[in-house]
Amino acid sequence: VIDQAAGAHDERLQWIHAYALLQKSRVCLRREDYDAAASLVALADDELELVGDDHLRALAVRFQGRSATLQGSPARGIALAEQALRLSERLSDTEGVAISLLVLGEAQRGLGQFGQATATLGRSIELAVATDHLSTVCQAVSLLAAIDVERGDRERASRIVRELLTAQSVA
């Protein structure tokens, strides 16, 4: 019994450690320190192998996908985002699906696949609104506006941003 309790405690600590590493990775991504983010995700991945938590694994793969895209490898970003999407769908994790679609749309934009990215980001927004995941909505709308700017339609980009800000002030 004591050995079982110790094993459960060790597994819980590994989970906490993996989660902390992923959160540190998120901070590194925001600071554009992609090498540090990748190193932290790799460390977390080692822990996740032992813990076997697919929700955290999907989070780790999303971070890897975003990092790849931001480092100039959007094709790799797409592959990783699709992997995270499959995991999230299998888990029936609607919020995870919305975020995975966001990462996928960002990578598609990075490859200049504007039509696909627009459709993907639209799906992300629908799911994010349904789960009240406001940061995903904001990021997806920002990417849609960026796509419009890249297509030369600054008026549409401005309208999208104004509509988002108006919706935010009403909410």
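Start by selecting residues 54-70, helix H3, and residues 74-90, helix H4; in this predicted model the two helices pack with their axes 7 Å apart, at an angle of about 160°. Angles over 145 degrees count as roughly antiparallel, and H3 and H4 are therefore roughly antiparallel to each other. Turn the view until one helix lies in front of the other: H3 passes H4 in a left-handed crossing.

Now show the side chains at this contact. On H3, select Asp54, Arg57, Ala58, Val61, Arg62, Gln64, Gly65, Ala68 and Thr69. Their partners on H4 are Pro74, Arg76, Gly77, Leu80, Gln83, Ala84, Leu87, Ser88 and Arg90. Coloured by class, the contact of H3 with H4 shows 7 nonpolar, 6 polar and 5 charged residues.

Keep H3 and add helix H5, residues 94-110. The axes of H3 and H5 are 9 Å apart and the angle between them is about 15°. Angles under 35 degrees count as roughly parallel, so H3 is roughly parallel to H5. The crossing of this pair is left-handed.

For the side chains here, select Arg62, Gly65, Arg66, Thr69 and Leu70 on H3, then Gly96, Ile99, Ser100, Val103, Glu106 and Ala107 on H5. By class, 4 residues of the contact of H3 with H5 are nonpolar, 4 are polar and 3 are charged. Among the H3 residues, Arg62, Gly65 and Thr69 also appear in the contact with H4.

Next, go to the largest pocket, which has a volume of about 540 Å³. Which residues are closest to its centre? Select Arg26, Leu59, Phe63, Ile99 and Gln139; these are the closest of the 22 residues that line the pocket. Ile99 was already selected as part of the contact of H3 with H5.

To see where the lining comes from, show helix H1 (2-30) and helix H7 (134-150) beside H3 and H5; each of these four helices supplies at least two lining residues. Which helix gives the most to the lining? H3 does, with 7 residues. Coloured by class, the lining of the largest pocket has 9 nonpolar, 7 polar and 6 charged residues.

Finally, zoom out and show the whole chain as a cartoon. The chain has 8 helices and 0 strands, and its pattern along the sequence reads α-α-α-α-α-α-α-α. The C-alpha trace spans about 65 × 35 × 30 Å along its principal axes.

How values were computed
Residues numbered from 1 in each chain as written. Predicted model: local features only at pLDDT ≥ 70, side-chain atom pairs only at ≥ 80, totals over all residues. Heavy atoms only, no water. Axes fitted to C-alpha atoms, helices over the stretch in contact; angles between N-to-C directions. Parallel < 35°, antiparallel > 145°, perpendicular 65-115°, else oblique. Left-handed = near helix turned anticlockwise from the far one by under 90°. Contact = heavy atoms within 4.5 Å. Nonpolar A, V, L, I, M, F, W, Y, C, P; charged D, E, K, R; others polar. 1 Å grid on protein atoms, 1.4 Å probe; cavity = no way out; pocket = protein on both sides within 12 Å on 5 of 7 lines; lining within 4 Å. Points joined across faces, edges and corners; volume = space filled by probe spheres on them.
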